[in-house]
Amino acid sequence: MAISSANMSMECETENGFRKRSVCIIGAGMSGLVATKYLLNLKMNPVVFEVKQGIGGVWRETFGCTRLQTPRHEYQFTDFPWPDHITAQHPAHYEVMDYFESYAMHFGLLDHIHFNTKVVEIRYIGKEYCESSLEHAGLWSKNGGPYADSVVWDVGVQKINGESIEWHRFDFLVLCIGKYGDLPQIPSFPPNKGPEVFQGKVLHTMDYARLDEKSAYELIKGKRVVVIGYQKSALDFAVECAEANRGEDGHPCTVVFRRAHWGLISYELYGLPIQLFYNTRFAQFLLERPAQGFLQSVLSRLFRPLRWAIFRFFELYLCWKLPLRKYGVVPDQSFVEELSACTVSTYHGDLFSRADEGSILFRKSPNWGFSSKGVVLNDGTEVEADLVVFGTGFDAEKKLKSLLPGPFAGVLEDSAGIIPLYRGLIHPHIPHMAILGYSESLSNVYSSEMRSRWLSHFLSSKFVLPSMKEMLTDTDNHYKHWKRISPFYWKSCHGAFHIWDNDNLCRDMGWNPMRKKNWFYEFFAPYSNLDYREM
């Protein structure tokens, strides 16, 4: 298909005799919004494609009971505070959406977003791909800069309910398609043990979140419901199911899970902010870090008993504060292992009160399958059900692969199944592209805004990338280290080291990584996104 004349003129637009660089952002969730804002700060004119009819990403389609699991003050943009009338520590989902919409309107982002527009294909039209050479990231410009000599990406888009495909050309792509949505992660089953033998209804929490309020209520009201999983979406759904089935005619919701995970219900410990235990330089200094020097290695080993004692105390506090032992949901793994893997979440405030009244049941089972009447656990117990809901997460890797051209989809993951992202957003093997929002931290606004700043500095040529070999060595060292300290590490997570990680980003941008006003605060006060406001 031919590229429209409008897009050809965009490619040839010049300023002061030089061709202006064109950047495409795919996705208008939180990461896409903050990336757009920082590129507009550069006087660039990014083109944003969003398949949905509005901004917000997964926040547009979620459960009625969903609240922000990060404390409000840790989930805010550095230059756009929450409005004064929002006082809850964990705002409701519609308040988060209002916050995003206000942010987009305040900075004039909506004029740059093409809604109801699906990216159906991406084509690489730059240098020939050479898989046999280690330096085929020489597909990046020779000097480590962000752009090639000419445009390198063709992006085909299609309007929802439209038939024709429009093609646009860009110098750089920023993928902000998120990790939590679109492609559900469904467990596999042996023959005659899968959903096909079940006489009831089976769906994923993603499907439930897309229902309107009335349809969602009618689906679960008066039903015997089993939810599979123990992460945030599974437990939030269990609370919503329990709410709909309270009363004499209701049935309890049964949560079936293989592994329990640590969760929080408050961000205070005896009146102190729990960030003091993991979100200060001193706290993170106690942990081993990738590529640490000799002195840091010696000190981290010496402090190992103190580190163990701190996190063990934290685990005992959670077991005392919450009825984890009562319901058999004490995790087998340590808190620091889950912190390093970004699998610590916040329990819904009503989760255990609903369990106390019998509206939620917990059943741990390492293996399970379907029967015609419900779910059969590892011990042979059959849990009868009318509805089984998978709260088993999403396939973010498959989602990325579905967008990338063939050669690049094949090198997205390394041999260990990890996506290597230098500085949390640059894939060494995929040139002139950034993947924003895939790498996680304790607050995803925190992570995405910091990396958007870094990306804006990179796109304005304030620094260059190291060699392909150096980037691969860096990411390999990081992931080997994180995998060693947390056997549950399977994704790009900077939860236990985000201050140190931000130090690297600051140095790249020419910033002083020490952001506090004096040495005491620098080492013992919790860090937040607001510490990285531009000075």
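**Entry 1: E4 and its neighbours**
I started with strand E4 (residues 47-49) and found that E4 and E5 pair in the parallel sense, over two bridges. This is a predicted model, so I kept that in mind throughout. Across from phenylalanine 49 I found histidine 114 of E5. I then looked for what packs on the sheet here: helix H2 (residues 30-41) touches strand E3 (23-26), E4 and E5. The direction of H2 makes about 160° with that of E3.

**Entry 2: the whole sheet**
Next I traced the strand order, which reads E5-E4-E3-E9-E22. These five strands form an open sheet with parallel pairing. At the edges I noted strand E5 (113-114) and strand E22 (433-435), each pairing on one side only. I also followed helix H15 (residues 444-459), which lies across E3, strand E9 (172-175) and E22. H15 runs at about 175° to E9.

**Entry 3: a hairpin**
I moved on to strand E7 (residues 153-159) and strand E8 (residues 166-170), which run antiparallel and are joined by five bridges. Tryptophan 153 sits opposite phenylalanine 170 in E8. The two strands, E7 and E8, make a hairpin with six residues between them. In the turn I picked out asparagine 161, whose phi is positive, about 70°.

**Entry 4: cysteines**
How many disulfides does a search of the whole structure find? I got zero. Why is there no bond from cysteine 24? The closest cysteine sulfur, in cysteine 176, is 9.6 Å from the sulfur of cysteine 24, which is too far for a bond. I checked burial too: cysteine 24 counts as buried because its relative accessibility is 0%. Cysteine 319, at 10% relative accessibility, also counts as buried, since the cut-off is under 20%.

Notes: Residues numbered from 1 in each chain as written. Predicted model: local features only at pLDDT ≥ 70, side-chain atom pairs only at ≥ 80, totals over all residues. Heavy atoms only, no water. Pairing = 2+ DSSP bridges. Helix = DSSP H or I, 4+ residues; strand = E, 2+ residues; numbered from the N terminus. Contact = heavy atoms within 4.5 Å. Axes fitted to C-alpha atoms, helices over the stretch in contact; angles between N-to-C directions. Disulfide = S-S within 2.5 Å. Buried < 20%, exposed > 50% of the residue type's maximum accessible area, 1.4 Å probe, protein only.
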